[in-house]
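Work through the exercises below with the sequence and the 3D view open. Try each task before reading its solution.

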Amino acid sequence: MVYLDNAATTFKKPKQVYKEVKKCLKKYCGNGGRGGHLLAMSAGEIIYKCREEICNLFNIENTMNVSFCLNATQAINMGIKGVLKNGDHVIISGLEHNSVLRPVVKLEEKEVDYSVIESDKEGNLEPIENYFKPNTKLIVISHGSNVLGTLQPIKDIGQIAKEKGILFMVDASQTA
């Protein structure tokens with residue numbers, strides 16, 4: 001069988017995933033942080049270790065700045081909808097996944113304005129400086145396009161955002 005819907009469900013998992021899920025079900029399948037019994041404490045320890053590894057991967061200083069969600073789409077939606085309010089402006093690229101595009105377009109109903117950075121056929125973005133407005137509050141960019149595979153210069157964009165005091169959200173679903 002050839003499975004082409006990997007981004008949605010990740011059908012074939014590495015053997016280590018099956019092994020760890022089985023281990024969890026047998027040894028620490030409790031609600032971490034919700035009880036003082038052995039299973040809950042064991043689960044809490046595993047969750048904390050996971051937070052530490054995520055912090056190491058993404059250079060995050062505080063483990064409590066890691067939030068677990070059902071999936072990347074939910075996390076992106078929470079970030080976009082949690083930050084943008086009436087009268088705000090957001091910059092996205094024309095290469096964004098629907099998990100970015102749909103909530104941004106939906107926020108037009110709440111008078112949130114957005115600009116779409118154009119790109120060439122290879123997926124290289126126009127200069128972001130052309131898209132700023134006085135009310136720009138957020139930039140959302142996919143690090144790697146799920147269609148073209150193009151990598152965006154998130155370090156450069158992040159530096160510009162920092163200099164302008166604008167929040168910068170990176171969708172790293174394809175590249176993390």
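**Exercise 1. Classify K137 by accessibility and find its salt-bridge partner.**

Step 1. K137 has a relative accessible area of 30%. Buried means under 20%, exposed means over 50%, and partly exposed lies in between (1.4 Å probe, protein chains only). K137 is therefore partly exposed.

Step 2. This is a predicted model: local features need pLDDT of at least 70, side-chain atom pairs count only at pLDDT 80 or more, and totals for chains, interfaces and linings use all residues. Residues are numbered from 1 along each chain as its sequence is written, and side-chain values use heavy atoms, with hydrogens and water left out.

Step 3. Look for a salt bridge, that is, a side-chain nitrogen of Lys or Arg within 4 Å of a carboxyl oxygen of Asp or Glu. K137 forms one with D88, and their closest N and O atoms are 3.6 Å apart.

Step 4. Place the two residues. D88 sits in the loop between α4 (72-83) and β1, while K137 is in strand β3 (residues 136-142), so the pair ties together parts that are 49 residues apart in sequence. Helices (H or I, at least four residues) and strands (E, at least two) are DSSP runs, numbered from the N terminus.

Step 5. Check the partner. D88 is buried, at 12% relative accessible area.

Step 6. Look for another residue across from K137. The C-alpha atoms of K137 and G165 are 8.3 Å apart, with their positions 28 residues apart along the chain.

**Exercise 2. Describe the salt bridge of E45, then that of K106.**

Step 1. The whole structure holds four salt bridges. In one of them, E45 pairs with K49, with 3.3 Å between the closest N and O atoms.

Step 2. Why is the spacing along the helix of interest? E45 and K49 are four residues apart in helix α3 (residues 38-58), so about one helical turn separates them.

Step 3. Compare the categories. E45 is partly exposed at 45%. K49 is partly exposed at 41%.

Step 4. Go to K106. Its side chain meets that of E109 in a salt bridge, 3.1 Å from N to O. K106 is partly exposed, at 49%, whereas E109 is exposed, at 60%.

**Exercise 3. Is H89 buried or exposed, and what does its side chain contact?**

Step 1. Locate H89. It lies in strand β1 (residues 89-93).

Step 2. Read the accessibility. H89 has a relative accessible area of 0%, so this residue is buried.

Step 3. Find the contact. The side chains of H89 and S115 make a polar contact of 2.7 Å. Such a contact is a pair of N or O atoms within 3.5 Å; within protein, one must be able to donate a hydrogen and the other to accept it, and residues adjacent in sequence count only if both atoms are side-chain atoms.

**Exercise 4. Identify two surface patches and place a residue of each.**

Step 1. Set the rule. Patch residues have over 30% relative accessible area and no salt bridge; like charges are joined within 9 Å, and nonpolar side chains (Val, Leu, Ile, Met, Phe, Trp, Tyr) within 5 Å. Areas come from the Shrake-Rupley method with a 1.4 Å probe, and for residues only the protein chains shown count as cover.

Step 2. Take the charged patch. K19, K22, K23, K26 and K27 form a positive one. Lys and Arg count as positive, Asp and Glu as negative; His and the chain ends are not counted. A charge is placed at NZ of Lys, CZ of Arg, CG of Asp or CD of Glu.

Step 3. Place K26. Helix α2 (residues 15-28) contains K26. At 64% relative accessibility, K26 is exposed.

Step 4. Take the nonpolar patch. V17, V21 and L25 make a patch of about 260 Å². L25 is in helix α2 and is exposed, at 60%.

**Exercise 5. Find two residues with an unusual backbone angle.**

Step 1. Recall the background. Most residues other than glycine have a negative phi.

Step 2. Take N59. Its phi is positive, near 60°. N59 lies in the loop between α3 and α4, and is exposed at 71%.

Step 3. Take E111. Its phi is also positive, near 60°. The loop between α5 (98-106) and β2 (113-117) holds E111. E111 is exposed, at 60%.

**Exercise 6. Summarise the whole chain.**

Step 1. Count the elements: six helices and four strands.

Step 2. Write their order from the N terminus: α-α-α-α-β-α-β-β-α-β.

Step 3. Give the extent. Along the principal axes, the C-alpha atoms fill a box of roughly 55 × 40 × 30 Å.

Step 4. Give the buried share: 30% of the 176 residues.
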